[in-house]
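This report describes how the strands and helices of one protein model are arranged. Please keep the sequence and the structure in view while reading.

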Amino acid sequence: MNLAAIITKSQQDREGWKYTSLQALCAVNFAPADGMADIAPDILPSILPESDRHRLVFVDGHLRGALSAIDDLPAGLVSGDGETGYVLTVQGQTCLITAPLELVFVTTKTAEARQSRVALRLELGANARLTMIEHHLSLGTGAAHVGVLSTGIHLHEQSKLLHAKFQDLAAEDYHLSQTRVQVDKGAFYDHFAMTTGASLSRYDIAIELAGALAQAQLHGVYLQRGAQHTDTNLIVDHAAPHTTSREVYKGVLDGKARGVFQGRILVRPGAQKTDAQQMSRALLLSDQAEADSKPELEIYADDVKCGHGATIGQLDEAALFYLRSRGVPEAAARALLIEAFAGEVIAQLGLAALREFAARRAQAWYNATGF
């Protein structure tokens with residue numbers, strides 16, 4: 001899906017896009033990026049140490065082998081190109097890829113507004129295991145850049161994927177992504193998303209639990225300030241019996257920032273013994289910040305356990321008073337409460353190095369916000 005198709009869809013699907021407008025993008029002529037920007041490997045940040053990960057680097061939508069670390073990856077893991085889309089194929093061998101695979105998506109800045117697109121498909125074979133980390137970042141200064149990412153994931157029987165996403169683009173950039181996941185019998189999809197960057201970001205995630213005992217766990221945290229806008233539109237489709245899903249999303253909003261969470265749980269006929277739980281919470285640090293939450297349950301089976309909840313509020317004045325009465329300065333007390341609020345989600349990350357990176361990113365956001 002490209003930028004024009006997403007804009008058209010947003011105009012046609014008024015309900016699904018009721019909280020997010022792409023009208024501002026229509027007024028800008030975004031030229032295609034060529035992916036040929038000159039980038040030195042040593043200026044690219046890495047979430048994990050070099051010895052502990054593999055890495056694929058995409059620059060303005062194109063895979064750059066010279067910037068990647070793929071020498072010790074299995075032959076045939078990556079195929080395709082920037083035009084037809086890239087395919088990652090992991091065969092059904094538990095120890096095929098022992099280290100996490102880090103995908104770095106770089107958008108470069110020039111004097112003119114530009115756009116780039118990556119189409120990615122991942123096939124994880126039966127019994128395979130993989131940790132895949134997305135890191136979206138901007139390099140340089142200049143006009144706005146729109147990055148579009150379309151991802152298709154198929155988890156075959158008994159496979160497991162830990163999929164972590166960190167979006168830290170420049171404040172004037174845009175990020176639009178669509179992820180489709182099919183989870184077969186006994187497979188497990190574990191997803192974490194952290195959003196701190198971009199002027200506007202939209203995540204469309206659709207997960208089909210297609211086989212019995214399939215599981216999905218989704219956690220997200222967004223930290224937004226100024227006039228930033230982020231929107232998560234999540235659908236979990238329980239299409240088989242004995243499937244389980246857990247969703248917890250939290251956001252912290254300051255200034256005039258806006259956070260949107262739309263979560264739909266669908267239980268199809270025959271999907272008995274479904275266990276699905278969803279929770280979204282937003283913390284407003286400013287009277288001008290706005291949070292919108294739209295949880296939905298659509299159930300067509302009678303032997304299920306499903307629930308959802310949503311809260312939007314400000315810092316707990318009683319907790320703030322308690323900390324101040326113990327001698328904690330107000331700014332430090334506010335920072336402690338905010339860190340604890342977001343930290344509950346970060347703590348769910350299954351890899352210690354990822355938890356540490358997420359905690360550092362959150363701390364940098366708190367410090368820049370002035371707490």
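Which residues in α4 meet which residues in α5? I338, E339, A342 and I346 in α4 meet R355, A358, A359, A362, Q363 and Y366 in α5, where contact means heavy atoms within 4.5 Å.

The model is predicted, so local features need pLDDT of at least 70 and side-chain atom pairs count only at pLDDT 80 or more, whereas totals for chains, interfaces and linings use all residues. Residues are numbered from 1 along each chain as its sequence is written, and side-chain values use heavy atoms, with hydrogens and water left out.

## The helices

Helices (H or I, at least four residues) and strands (E, at least two) are DSSP runs, numbered from the N terminus. Axes are lines fitted to C-alpha atoms, for helices over the stretch in contact, and angles run from 0 to 180 degrees between N-to-C directions.

The two helix pairs below are described by the angle and the distance between their axes.

| Helix pair | Angle | Axis distance |
|---|---|---|
| α3 and α4 | roughly 130 degrees | within 9 Å |
| α4 and α5 | about 155 degrees | 11 Å |

The angle between α3 and α4 makes α3 oblique to α4. By contrast, α4 and α5 are roughly antiparallel to each other. Angles under 35 degrees count as roughly parallel, over 145 as roughly antiparallel, 65 to 115 as roughly perpendicular and the rest as oblique. The crossing of α3 and α4 is right-handed, and the crossing of α4 and α5 is right-handed; a crossing is called left-handed if the near helix is turned anticlockwise from the far one by less than a right angle, and right-handed if clockwise. Between α3 and α4, the residues A319, L320, L323 and R324 of α3 meet E330, A333, R334, L336 and L337 of α4.

## The open sheet

Two strands pair if DSSP finds at least two bridges between them. Ten strands form an open sheet with mixed pairing, in the order β3-β2-β6-β8-β10-β12-β14-β16-β18-β20. At its edges stand β3 and β20 (305-313), each with a single partner strand, so one side of each is left without a neighbour in the sheet.

At one edge, β2 (residues 54-59) and β3 (residues 62-63) run antiparallel and are joined by two bridges. These strands form a hairpin with two residues between them, and D60 in the turn has a positive phi of about 50 degrees. On the other side, β2 pairs with β6 (residues 101-108) in the parallel sense over six bridges. F58 belongs to both pairings: F58 stands opposite L63 in β3, and its bridge partner in β6 is F105. Both faces of β2 are covered, with H54, L56 and F58 buried on one side and R55, V57 and V59 buried on the other. Buried means under 20% relative accessible area, exposed over 50%, and partly exposed in between (1.4 Å probe, protein chains only).

At the other edge, nine bridges join β18 (residues 275-284) to β20, and these strands run parallel. One bridge pairs L283 with G313 in β20.

Two of the helices lie across strands of this sheet. Helix α4 (residues 330-346) lies across β12, β14, β16 and β18, running at about 155 degrees to β16. Helix α5 (residues 352-369) lies across β8, β10, β12, β14 and β16, running at about 20 degrees to β10.

## Strand β11 and its neighbours

Eight of the ten residues of β11 (residues 174-183) are buried, so this strand is largely enclosed by the rest of the structure. It pairs with β9 in the parallel sense over ten bridges, and ten bridges also join β11 to β13 (residues 200-209), which runs parallel to it. In the first pairing, T151 stands opposite T179; in the second, V181 stands opposite I207.

T151 is found in β9 (residues 145-155). Why does T151 count as buried? Its relative accessibility is 4%. Leaving aside residues up to four places away in sequence, T151 touches L120, Q178, T179 and R180.

## The nonpolar cores

A nonpolar core is a set of buried Ala, Val, Leu, Ile, Met, Phe, Trp, Tyr and Cys residues joined through side-chain atoms within 4.5 Å. The largest has 35 residues, and those with the most contacts inside it are L161, V183, Y189, I207 and L218. Strand β7 (residues 114-124) gives the most to this core, with four residues. Apart from it lies another core, of 26 residues, among them L48, L283, A342 and A358.
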